[in-house]
Amino acid sequence: IGAGKRASQIANRMRRRSDTRNFRLLGYYPLEDDEIEVDQSQLVRSELPLCELIRKRDVDEVVIAVDDRRGCVPVQELLKCRLRGVNVVDVQTFFERESYKILVEMLKPSYFIFSDGFSRNAITDGARRGLDIFASLLLIALTWPLMLITVIAIKLEDGLSSPILYKQERVGARGKTYHVMKFRSMIENAEAAGAQWAQKNDMRVTKVGDFIRKYRIDELPQAFNVLLGEMSFVGPRPERPVFVDDLGGKIPFYHERHLVKPGITGWAQLNYPYGASERDALEKLQYDLYYVKNRSLLLDLMILVQTVEVILFGRGR
């Protein structure tokens, strides 16, 4: 229902066949005051009452994608359809379900206020912390030979006096800062000219650094951050305060990603390619918000399993 800007997001953001594997779009039903922004060939016009049209076309679900709901949504017709078993959802809910992310452009505070999600309790938090401690100790026990080899490789490339670890201030849960630990993958004094985004094929990355980045080996020391309680195994990628301040002033709901602890791996890291720009930050935020809203032990375990697959097959992002 609707053929304006909000409705056009379906066509603009779901272009791949994999994006529409769970549904078949019948078309867009324009309302009287709509400014048409979808393909004219996909418009559905009929003299029949809406509920009768839906019944005749054997529609399973109606998505409400109206730009301005005041007085234009056919409430009574939709009520009839809903009572006859047709599912009716908001376009924001539809996107979240089908794309596993939350579209920031259409987001309003009321969506968070009235929707399910964001649930937490002491038992779940305790279980998650226990899982973090167990997984961190297990990771350290399994990878200490690999970490030792990495230390030797860094020393051989950059000299015995070169630093092994790279410590940098990051923003954690509820905006509290901490120092993240990684194996150094860039040249020393890589940011002598000031803070800057890391780039794909960054010239500051060393030969050893390029290898350990590809296989996520540089992330291993963050297991100690997890043990200290500063991070979780799964969560949004931690960013630097200077970038958080900048992005928080430009991107709506950016600070909401800090409602949970940052993670070594996360939903955004798995679903969005490596990127370092404001637009990339917006795209990753949409996956981060989905994770924050739908966070559960089952989702965490699924992300951990997918992360292992990424590392084993060298498909790091």
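Angles under 35 degrees between helix axes count as roughly parallel, and angles over 145 as roughly antiparallel. Keep those two cut-offs at hand for this tour of a predicted model.

**Whole chain**

Start with everything shown. The protein has twelve helices and six strands. Its C-alpha trace spans about 80 × 45 × 35 Å along the principal axes. Of the 317 residues, 44% count as buried. Now consider contacts with a sequence separation of 6 or more: residues 24 or more positions apart account for 72% of them.

**Stop 1: α6 against α12**

Select residues 122-158 for helix α6 and residues 297-312 for helix α12. How are the two helices oriented to each other? Their packing angle is about 20°. The limit for roughly parallel is 35 degrees, and α6 and α12 are therefore roughly parallel. The axes lie 11 Å apart. The crossing is right-handed.

Show side chains at the contact. From α6, pick Thr124, Ala127, Arg128 and Leu131. Facing them from α12 are Leu297, Asp300 and Leu301. Colour this contact by class and you get four nonpolar, one polar and two charged residues.

**Stop 2: Thr20, seen from Asp300**

Keep Asp300 on display and add Thr20. The two residues are 280 places apart in sequence, and their C-alpha atoms are 25 Å apart in space. Thr20 sits in the loop between α1 (5-13) and α2. Its relative accessible area is 29%, so Thr20 is partly exposed.

**Stop 3: Gln9 in α1**

Move to helix α1 and select Gln9. Is Gln9 buried or exposed? With a relative accessible area of 15%, Gln9 is buried; the cut-off is under 20%. Now show what surrounds it. Leaving aside neighbours within four places in sequence, Gln9 is in contact with Met14, Phe95, Glu105 and Met106.

**Stop 4: α6 against α7**

Return to α6 and add helix α7, residues 207-214. The packing angle here is about 155°, with the axes 9 Å apart. That angle makes α6 roughly antiparallel to α7, the cut-off being over 145 degrees.

Which residues of α6 meet α7? Thr150, Ala153, Ile154 and Glu157 do so. Their partners in α7 are Lys207, Val208 and Ile212. Coloured by class, the contact of α6 with α7 divides into four nonpolar, one polar and two charged residues.

**Stop 5: the two sides of α3**

Select helix α3, residues 75-83. Its buried residues are Glu77, Leu78 and Cys81. Look down the axis: these residues cover an arc of only 95°, which puts them on the same side of α3. Rotate to the face turned away from that buried side. There you find the exposed residues Val75, Gln76 and Leu83.

What covers the buried residues of α3? The cover includes α2 (50-56), β1 (61-64) and β2 (87-90). Before leaving, select Gly85, which follows α3. The phi of Gly85 is positive, near 100°.

**Stop 6: the two sides of α9**

Next comes helix α9, residues 241-250. Pick its buried residues: Phe243, Val244 and Leu247. Seen down the axis, the buried residues of α9 fall within an arc of 100°, so they line one face of the helix. On the other side of α9, Asp245 and Gly249 are exposed. Now bring in the cover over the buried residues of α9. It includes β3 (165-171) and α11 (278-294).

**Stop 7: Pro241**

Stay in α9 and select Pro241. Relative accessibility is 22%, so Pro241 counts as partly exposed. The cut-off for buried is under 20%.

Which residues does Pro241 touch, not counting those up to four places away in sequence? They are Glu169, Arg170, Val171 and Thr177. For a last distance, select the C-alpha atoms of Pro241 and Met186. The two residues are 55 places apart along the chain, and these atoms are separated by 20 Å.

Notes:
Residues are numbered from 1 along each chain as its sequence is written. This is a predicted model: local features need pLDDT of at least 70, side-chain atom pairs count only at pLDDT 80 or more; totals for chains, interfaces and linings use all residues. Side-chain values use heavy atoms; hydrogens and water are left out. Axes are lines fitted to C-alpha atoms, for helices over the stretch in contact, and angles run from 0 to 180 degrees between N-to-C directions. Helices (H or I, at least four residues) and strands (E, at least two) are DSSP runs, numbered from the N terminus. Angles under 35 degrees count as roughly parallel, over 145 as roughly antiparallel, 65 to 115 as roughly perpendicular and the rest as oblique. A crossing is left-handed if the near helix is turned anticlockwise from the far one by less than a right angle, and right-handed if clockwise. Contact means heavy atoms within 4.5 Å. Ala, Val, Leu, Ile, Met, Phe, Trp, Tyr, Cys and Pro count as nonpolar, Asp, Glu, Lys and Arg as charged, and the others, Gly among them, as polar. Buried means under 20% relative accessible area, exposed over 50%, partly exposed in between (1.4 Å probe, protein chains only). The arc is that of the directions from the helix axis to the C-beta atoms.
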